[in-house]
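Trainee: I would like to go through this structure and ask how each label is justified.
Mentor: Go ahead.

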Amino acid sequence: MNKGILFIISAPSGTGKSTLIQSLIKKISKYKTKISISYTTRNKRIGETNGKHYYFVSKNKFKKMIKNKEFLEYAIIFENYYGTPKKIIKNLLSKGINIFLNIDWQGAKQIKKKIKNNISIYIIPPSINELVKRLKRRGSENKTDIKKRIKQSMKEIKYYIKYDHLIINDKFNIALSDLKSIFISEYKRIKNKKNIK
Ligand code: ADP
Ligand code: 5GP
């Protein structure tokens with residue numbers, strides 16, 4: 001059986017990666033795909049559901065999970081823990097299901113060493129001004145948190161060089177079509193069809 005491909009997607013917070021991944025999944029419904037659901041200790045935003053957007057857990061529970069080696073990777077971002085569950089991901093990949101991970105550069109670095117059959121994509125906004133506008137429009141963080149996220153973005157953007165593909169999310173439909181093209185071409189790549197341990 002072919003193994004699934006692990007698509008690692010990173011972008012500065014507010015760029016639009018979650019919206020792009022959700023839209024892509026609908027466009028490629030004829031392929032076997034799933035979006036990984038991470039664990040986090042951050043507070044639930046309005047409109048978010050436990051088990052759909054994240055598994056929201058306490059810091060104590062998260063630390064126990066680290067001890068039990070339940071994560072493929074984890075990182076501390078904006079003072080909270082975020083982690084990818086190991087068992088579910090390995091199980092889905094072994095069944096030939098392609099997985100999309102929405103994780104930061106620290107997580108991407110850890111996972112690339114563990115899962116060989118991976119493709120990484122970095123998404124950037126057209127400008128910092130536009131990123132601020134998107135974060136404000138999303139309305140999920142207060143002014144202080146938006147400032148923190150922008151400061152962090154400025155530091156992190158340099159890691160794009162470590163990824164396989166780069167997309168600029170200016171016009172949404174163009175970025176979505178770029179993302180779909182990458183998925184299709186990687187899916188059709190012969191190397192990715194082999195069982196890679
Ligand atoms: P991320 O997951 O990268 O933090 P989101 O997917 O939550 O970002 O998107 C942040 C906000 O930007 C959302 O309100 C989303 O609807 C909006 N957005 C996403 N892509 C675009 C785009 N190309 N142009 C304008 N707004 C966008
Ligand atoms: P947010 O709080 O906006 O949902 O996410 C903040 C950041 O955490 C984003 O860059 C997102 O990609 C990253 N993130 C979400 N889940 C995980 C995870 O499981 N591991 C890592 N390393 N980063 C994650």
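Trainee: How do you know that a backbone atom of G14 makes a polar contact with ligand 1?
Mentor: A backbone N or O atom of G14 is 2.8 Å from an oxygen atom of ligand 1. A polar contact is a pair of N or O atoms within 3.5 Å; within protein, one must be able to donate a hydrogen and the other to accept it, and residues adjacent in sequence count only if both atoms are side-chain atoms. The 2.8 Å pair therefore qualifies. This is a predicted model, where local features need pLDDT of at least 70, side-chain atom pairs count only at pLDDT 80 or more, and totals for chains, interfaces and linings use all residues. Residues are numbered from 1 along each chain as written, chains are lettered from A and ligands numbered from 1 in the order written, and side-chain values use heavy atoms, without hydrogens and water.

Trainee: Which atom of ligand 1 pairs with a polar backbone atom of F172?
Mentor: A nitrogen atom, at 3.4 Å. For T15, a polar backbone atom is 3.3 Å from an oxygen atom of ligand 1.

Trainee: Which residues around ligand 1 come nearest?
Mentor: G14, S18, T19, R138 and N169, of 15 residues around the ligand. A residue is near a molecule or strand if one of its heavy atoms lies within 4 Å of it.

Trainee: Which helix gives the largest share of that shell?
Mentor: Helix 5, with four residues. Helix 5 (128–138) and helix 1 (17–27) each supply at least two. Helices (H or I, at least four residues) and strands (E, at least two) are DSSP runs, numbered from the N terminus.

Trainee: Why is R42 called buried?
Mentor: Buried means under 20% relative accessible area, exposed over 50%, partly exposed in between (1.4 Å probe, protein chains only). R42 has 9% relative accessibility, so R42 is buried.

Trainee: Where does R42 lie, and what does its side chain join?
Mentor: R42 is in the loop between strand 3 (39–40) and strand 4 (55–56). Its side chain has a polar contact of 2.9 Å with that of E48.

Trainee: What makes a set of residues a nonpolar core?
Mentor: The members are buried Ala, Val, Leu, Ile, Met, Phe, Trp, Tyr and Cys residues joined through side-chain atoms within 4.5 Å. The largest one here has 20 residues, and those touching the most other members include F7, I9 and I167. Helix 7 (172–188) is one of the elements that give two or more residues to this core, and the largest share, five residues, comes from helix 7.
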